[in-house]
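Visitor: Could you take me through one part of this structure at close range? I would like to start with a surface patch and then see what surrounds the topic.

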Amino acid sequence: MNNKEIKLERRLNPLNVWALALGSIIGWGAFVMPGTTFLPKAATTGTAIGMMIAAVVMIVIALNYGYMIQKYPVAGGEYAFTRNTFGKRHAYICGWFLGLSYLAIVPLNATALGLVSRKLLGGILEFGYLYSIAGWEIYAGEILLASAALIIFAVFSIKGVQVAGWIQTAIAMALVAAVIVLCIAAFLSPDTSAQNLQPGFPEGISKMSGIIAVVAVAPWAFVGFDSIPQAAEEFNFSPAKSNIIMVIAILFGAFVYIAMNYITASAMPWQEMLAADYDWPVGEAVEIIMGRIGLVFLGIALICAVLSGIIGFYMATSRLLYSMARESALPGWFGKVDEKTHTPKNAIIFVMIISLIAPWFGREALGWIVDMSSIGAAIGYTYTSMATFRTLKANPQDRKPLLKVTSALGTIFGMIFVCLLVVPGMPSFLAKPSWICLIVWIICGIVFYFVNGDREK
């Protein structure tokens, strides 16, 4: 590579990194899952218990990440950990799947802006009807908005990691503030009642099944905390602090999920809410509690969640591609660092171009890819935990009882998450379109691996 002397800059402080993780964890799903998943499958108590268990599981895995970040504080995260522990072949497998997992979420967040318009603004962007794919109507207005957001945040990301970091911090703080306001309003409103939260578990479904259904979404719900190791090379603080930052980000993420579920159920008996078949139960509940002003705060939270996801995964994806190029797993073009801004400019541009194409296929088709790409996050968790176990074994001075336990548990959890996606009958078993996407992606990965010619014997 011709620009080895040009390095990424250490400009991210702990608050920036926390915001990066939280903004990546919380997306559109946190504001729709109460009506589509949480209340129907686990109700209120079941969701709270399941989400807390999920948070503990992710914290166990995060501790493994924290150890590996201290060992390898470089860009690339899971790819770098696997490369240094298991070699190039395993690293390529990890990076190939993880890259799609990150990349798919960028346009998913961008197209969610159109959903915000449909839910809160009366669909003012539903003009210029083009066509439908899998029942999803595609409008020029929504594509224009998604494209504008993708281009603007690509420019911010290229301008410098400090610029992107502070924008992300401001957006994440606004997100948390808006959710807290909604929580306080739900708690104090005369239109809410604790009785509306009952029963704590859905009828006809065992308590354990409901809790497991919530835990099963953990790999998808918390994907994004692992954006922290992707940016490790740009920390302006000790990598040892990454542990507490990841834990706090995961706990805040769990709070937002539980809070939105509580708000939705508090406005009226949650079974009646579901029976009424509202188009968007969360929005309906907020309007009952606070009126139109509540929808303003909900809109702020939604937009912040979507925009922070775009920035967060721009950063995570581009750093992963940069790291893979630096190790010759991808063409050197991806590893070019801008001389002025010290950001992986080409990798960011690539993410932007791919993301600009995705909205033309619609949310439904994009959802197939996102569902399939969830396996990439699970593979990343597994490889990182296995790398922690092996690294501990090779470094006797680091053998701490807690890490030995978390590395073993993390490996088990990661494998379970993979099984949830690929074993028939499991709660998150992939649908047929997602399986087709997965097979195509695997074939592309095999072909590229051999064509690229960078193979370790």
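Guide: Let's begin with the nonpolar surface patch of about 760 Å², which is made by Ile180, Ile184, Phe187, Leu188, Ile244, Ile248, Phe252 and Phe255. Do keep in mind that this is a predicted model. The elements that give two or more residues to the nonpolar patch are helix 7, residues 161-188, and helix 11, residues 242-266. Ile184 is a handy residue to click on: its place is in helix 7. With a relative accessibility of 45%, Ile184 falls between the limits of 20% for buried and 50% for exposed, so it counts as partly exposed.

From nonpolar side chains we can turn to charged ones. The structure holds 10 salt bridges, and a few are worth a visit. Glu9 pairs with Arg11, and their closest N and O atoms are 3.8 Å apart. Both partners can be seen from outside to some degree: Glu9 is partly exposed, with a relative accessible area of 26%, and Arg11 is partly exposed too, at 35% relative accessibility.

Another of the salt bridges joins Arg83 and Glu327, with 3.9 Å between the closest N and O atoms. This pair links distant parts of the chain, as its two residues are 244 residues apart. Arg83 sits in helix 4 (residues 78-86), while Glu327 lies in the loop between helix 14 (292-326) and helix 15 (345-357). At 30% relative accessibility, Glu327 counts as partly exposed.

Next comes the salt bridge of Glu287 with Arg292, where the closest N and O atoms are 3.5 Å apart. Here the two partners fall into separate classes of accessibility. Glu287 is partly exposed, with a relative accessible area of 33%, whereas Arg292 reaches 55% and counts as exposed. If you prefer a group to a pair, look at Arg118, Glu126 and Glu142, which are linked in a network of salt bridges.

Now for helix 18, residues 432-452. At 1.5 Å a residue, its 21 residues should span 30 Å, and the end C-alpha atoms are indeed 30 Å apart, so the expected and computed values agree. The buried residues of helix 18 are Ser434, Cys437, Leu438, Gly445 and Tyr449. They cover an arc of only 105° around the axis, and therefore lie on the same side of helix 18. On the face turned away from that buried side you will find the exposed residues Lys432, Phe450 and Val451.

Cys437 brings us to the cysteines. How many disulfides are there? With a cut-off of 2.5 Å between cysteine sulfur atoms, the count comes to zero. Two cysteines show why. The sulfur of Cys444 has its closest cysteine sulfur in Cys437, but the two are 11 Å apart, too far for a bond. Cys444 is partly exposed, at 38% relative accessibility. For Cys94, the closest cysteine sulfur belongs to Cys419, and the distance of 17 Å is again too far for a bond. Cys94 itself is buried, with a relative accessible area of 0%.

Notes
Residues are numbered from 1 along each chain as its sequence is written. This is a predicted model: local features need pLDDT of at least 70, side-chain atom pairs count only at pLDDT 80 or more; totals for chains, interfaces and linings use all residues. Side-chain values use heavy atoms; hydrogens and water are left out. Buried means under 20% relative accessible area, exposed over 50%, partly exposed in between (1.4 Å probe, protein chains only). Patches are made of residues with over 30% relative accessible area and no salt bridge: like charges are joined within 9 Å, nonpolar side chains (Val, Leu, Ile, Met, Phe, Trp, Tyr) within 5 Å. Accessible areas come from the Shrake-Rupley method with a 1.4 Å probe; for residues, only the protein chains shown count as cover. A salt bridge is a side-chain nitrogen of Lys or Arg within 4 Å of a carboxyl oxygen of Asp or Glu. Helices (H or I, at least four residues) and strands (E, at least two) are DSSP runs, numbered from the N terminus. The expected span of a helix is 1.5 Å times one less than its number of residues. The arc is that of the directions from the helix axis to the C-beta atoms.
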